[in-house]
Amino acid sequence: MLRAGFDFTLWLVLDLVFLVTAVTALVMAAIARDDAYRAADKQTKSFWLIILGITVAVNMFISVLFLSIAGLIATIVFFVDVRPALKQVSGGGGRRGGSSSDGPYGPYNGGR
């Protein structure tokens, strides 16, 4: 009895994590510009919106572990491969300016 409750709770938490990551990826894919996908030499924006939309739908309405894991793999591919390429093409490299020797209070010049 206790194990059944634990299994159900674990499945519910995993399903929620899968859903949140898929929705996040879908929103990020929708926000990116269409020409950034072509410039990054990735699949089209509509392709990723369809794949991630199906992933969200599967995680919301169909509780099949195999389909949820397949959707999670597609979401991970988006986060690991496509999103960094889109950020690089769009100029969002993650650095906010300055040089590599800047410290928290300004540039570090080595005591000179």
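**Entry 1: H3 against H4**

I looked up how helices H3 and H4 lie relative to each other in this predicted model. Their axes are 9 Å apart, and the packing angle is about 140°. Angles over 145 degrees would count as roughly antiparallel, and 65 to 115 as roughly perpendicular. The pair fits neither range, so H3 and H4 are oblique to each other. I also noted the hand of the crossing: for H3 and H4 it is left-handed.

Which residues make the contact? From H3 I listed Trp48, Ile51, Leu52, Thr55, Val58 and Asn59. From H4 I listed Leu67, Ser68, Gly71, Ala74, Thr75, Val77, Phe78 and Val82. Then I sorted the residues of this H3 and H4 contact by type. Nine are nonpolar, five are polar, and none is charged.

**Entry 2: aromatic rings**

Next I searched the whole structure for aromatic pairs. The search gave three. One of them joins Phe47 and Trp48. Their ring centres are 5.5 Å apart, with 85° between the planes. I put this pair down as edge-to-face, because its angle is over 60 degrees.

Are these two residues buried or exposed? Phe47 has 32% relative accessibility, so I call it partly exposed. Trp48 has 7%, which means it counts as buried.

Trp48 also pairs with Phe78. Here the centres are 5.7 Å apart and the planes differ by 55°. I wrote this one down as tilted. The pair links distant parts of the chain. Trp48 is in H3, which covers residues 45–61, and Phe78 is in H4, which covers residues 65–90. The two residues are 30 apart in sequence. Both names were already on my contact list for H3 and H4.

I checked Phe78 for burial too. Its relative accessible area is 0%, so Phe78 is buried. Finally I traced the ring pairs as a group. They link Phe47, Trp48, Phe78 and Phe79 into a cluster.

**Entry 3: Leu49**

I moved to Leu49, also in helix H3. Its relative accessible area is 28%, so Leu49 is partly exposed. Which residues does Leu49 touch, leaving aside neighbours within four places in sequence? I found Leu26, Ala29 and Ala30. I looked at Leu26 more closely. Leu26 and Leu49 are 23 residues apart along the chain. Their C-alpha atoms are separated by 6.3 Å.

**Entry 4: Asp41**

Then I looked up a loop residue. Asp41 lies in the loop between helix H2, residues 34–39, and H3. What is its phi? The value is near 60°. I flagged this as a positive phi in a residue other than glycine. Asp41 has 69% relative accessibility, so it counts as exposed.

**Entry 5: the whole chain**

Last, I stepped back to the chain. How many helices and strands does it have? I counted four helices and two strands. Along the sequence they follow the pattern α-α-α-α-β-β. The chain has 112 residues, and buried residues make up 21% of them. Trp48 and Phe78 are among the buried residues.

I also looked at contacts between residues at least 6 apart in sequence. Of these, 64% join residues at least 24 apart.

Methods
Residues numbered from 1 in each chain as written. Predicted model: local features only at pLDDT ≥ 70, side-chain atom pairs only at ≥ 80, totals over all residues. Heavy atoms only, no water. Phe/Tyr/Trp six-rings, centres within 6.5 Å; stacked < 30°, edge-to-face > 60°. Buried < 20%, exposed > 50% of the residue type's maximum accessible area, 1.4 Å probe, protein only. Axes fitted to C-alpha atoms, helices over the stretch in contact; angles between N-to-C directions. Parallel < 35°, antiparallel > 145°, perpendicular 65-115°, else oblique. Left-handed = near helix turned anticlockwise from the far one by under 90°. Contact = heavy atoms within 4.5 Å. Nonpolar A, V, L, I, M, F, W, Y, C, P; charged D, E, K, R; others polar.
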